[in-house]
Amino acid sequence: MLDAMSDKLAIEVEKVSFNYAKLKALSDLSLRIPRGISFGVLGPNGAGKTTLIRLLVGLLKQKEGRIQLLGQHPTRQMAHLIGYMPQQHSLYNELSVAQNVDFFAKIYRLKNRTERAKRVEEVLRLVNLWERRNDGIMKLSGGMKQRVSLACAIVHNPPLLFLDEPTVGLDPELRANFWQHFANLNSRGVTIIVSSHTMDDAAHCNRLAFLRSGRVIAEGTPLQLCQATGKPDATLEEAFLYFVRREGKNDA
Ligand SMILES: Nc1ncnc2c1ncn2[C@@H]1O[C@H](COP(=O)(O)OP(=O)(O)O)[C@@H](O)[C@H]1O
Ligand SMILES: [Mg+2]
């Protein structure tokens, strides 16, 4: 039964802890994320969101606990199954918009030139930057750079997408636009793990984990988390505070 369930999971994290020297960034963290959804990791600065994502994409070495991606122990050979948009964009200023996306496509083993060019056009149209394809990165606004960064993360059609605070600094229209992209990707079976510190983003996710001081203090659908407060009209913000207080009481 458990194995049948594991097959449907995109990600399984079991009792993972992570320290930076003496600082405990994640403690005993467990998550089970079904395939094809947008899963939000919500929490304030320093909660451990980036650390968790970097562990999942293999940029940090996991030492304690167990991580499974698509039912397998993660290996280097799985890199092409993963798309990653870091919190700070890592675009090349000396390359144009299209060259940046093409560069990532090459890294991800899209070897056929014609196919690659087609895919670069597809993703740049998706993020509404096809018209700006020949511009240098320096000429772009912050929101545009974020869209190029998203294009780079999805160019190889990965089934797992990790987005670290992708909507920070976006205006409401662009933010809505991003969420529309994410929903489209979900409908094609892509699992998205997205971190954020705003409850506005949280409401768009199918499921959420509230993260605080390296611990998951609650997990569920946005509705479940709001209902858990016992207040019929609770907002996600109130739900977060409710779980923070509850955690405080448990610690005492
Ligand atoms: N490279 C690092 N070296 C030492 N401490 C770090 C490093 N990166 C993050 N931290 C610390 O780990 C904790 C979690 O950070 P982070 O995962 O970046 O949180 P978030 O992304 O939720 O803001 C914080 O206390 C932060 O200061
Ligand atoms: Mg972060």
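Guide: Welcome! Let's start with a cut-off: two strands count as paired if DSSP finds at least two bridges between them. The model in front of you is a predicted one.

Visitor: Thanks! How do you know that E1 pairs with E4, and in which sense do they run?

Guide: E1 and E4 are joined by five bridges. Pairing asks for at least two bridges, so E1 and E4 pair. The two strands run antiparallel. Within this pairing, Ser17 stands opposite Glu64 in E4.

Visitor: What makes E1 and E2 a pair, and how many bridges do they have?

Guide: Strand E1 (residues 9–20) and E2 share eight bridges in the antiparallel sense. With at least two bridges required, E1 and E2 therefore count as paired. You can follow the partners along E1: Val13 has Leu31 of E2 as its bridge partner, Val16 stands opposite Leu29 in E2, and Tyr20 stands opposite Leu23 in E2. The hairpin of E1 and E2 has two residues between the strands, and Ala21 there takes a positive phi near 45 degrees.

Visitor: And what makes E2 and E4 the edge strands?

Guide: Each of them, E2 and strand E4 (64–69), pairs on one side only. The open sheet they belong to has three strands in the order E2-E1-E4, with antiparallel pairing. Its neighbouring strands are turned by 15 degrees against each other on average, direction ignored.

Visitor: Now to the other sheet. Why is the pairing of E3 with E7 listed, and how do these strands run?

Guide: Five bridges join strand E3 (residues 38–42) to strand E7 (residues 191–196). The cut-off is at least two bridges, so this is a pairing as well. E3 and E7 run parallel, and Phe39 has Ile193 in E7 as its bridge partner.

Visitor: Which strands make up the sheet that holds E3 and E7?

Guide: Six strands form this open sheet, in the order E5-E6-E7-E3-E8-E9, and the pairing is mixed. Strand E5 (82–85) and strand E9 (215–220) are the edge strands, each pairing on one side only. Helix H5 (residues 142–154) packs on the sheet and touches E5 and strand E6 (160–164), with its direction at about 165 degrees to that of E5. Helix H6 (residues 172–187) lies across E3, E6 and E7, running at about 150 degrees to E7.

Visitor: Why are H3 and H4 called oblique to each other?

Guide: The axes of helix H3 (residues 97–107) and helix H4 (residues 113–126) cross at roughly 120 degrees and come within 10 Å. Roughly perpendicular ends at 115 degrees and roughly antiparallel begins over 145, so H3 and H4 are oblique to each other. Their crossing is right-handed. Val97, Ala98, Val101, Asp102 and Ala105 of H3 make the contact with Arg116, Arg119, Val120, Val123 and Leu124 of H4. By class, that contact of H3 with H4 has seven nonpolar, no polar and three charged residues.

Visitor: Then why are H3 and H5 described as roughly parallel to each other?

Guide: The axes of H3 and H5 cross at roughly 30 degrees and come within 8 Å. Angles under 35 degrees count as roughly parallel, and H3 and H5 therefore earn that description. The crossing of H3 and H5 is right-handed. From H3, Val97, Asn100, Val101 and Phe104 take part in the contact, and from H5, Val148, Ala151 and Cys152. These residues divide into six nonpolar, one polar and no charged.

Visitor: Last stop, ligand 1. How do you know which residues belong to its surroundings?

Guide: The test is a C-beta atom, placed from the backbone, within 6 Å of the ligand. The residues surrounding ligand 1 are Tyr20, Leu23, Ala25, Gly43, Asn45, Gly46, Ala47, Gly48, Lys49, Thr50 and Thr51. Strand E2 (23–34) and helix H2 (49–56) are the elements that give two or more residues to this shell.

Visitor: How many residues come from H2, and what share of the shell is that?

Guide: Three residues, the largest share of the shell around ligand 1, come from H2.

Visitor: How do the residues of the shell around ligand 1 divide into nonpolar, polar and charged?

Guide: There are four nonpolar, six polar and one charged. Gly counts as polar, so Gly43, Gly46 and Gly48 fall in the polar class. Lys counts as charged, so Lys49 belongs to the charged class.

How values were computed
Residues numbered from 1 in each chain as written. Chains lettered and ligands numbered in written order. Predicted model: local features only at pLDDT ≥ 70, side-chain atom pairs only at ≥ 80, totals over all residues. Helix = DSSP H or I, 4+ residues; strand = E, 2+ residues; numbered from the N terminus. Contact = placed C-beta atoms within 7 Å. Axes fitted to C-alpha atoms, helices over the stretch in contact; angles between N-to-C directions. Parallel < 35°, antiparallel > 145°, perpendicular 65-115°, else oblique. Left-handed = near helix turned anticlockwise from the far one by under 90°.
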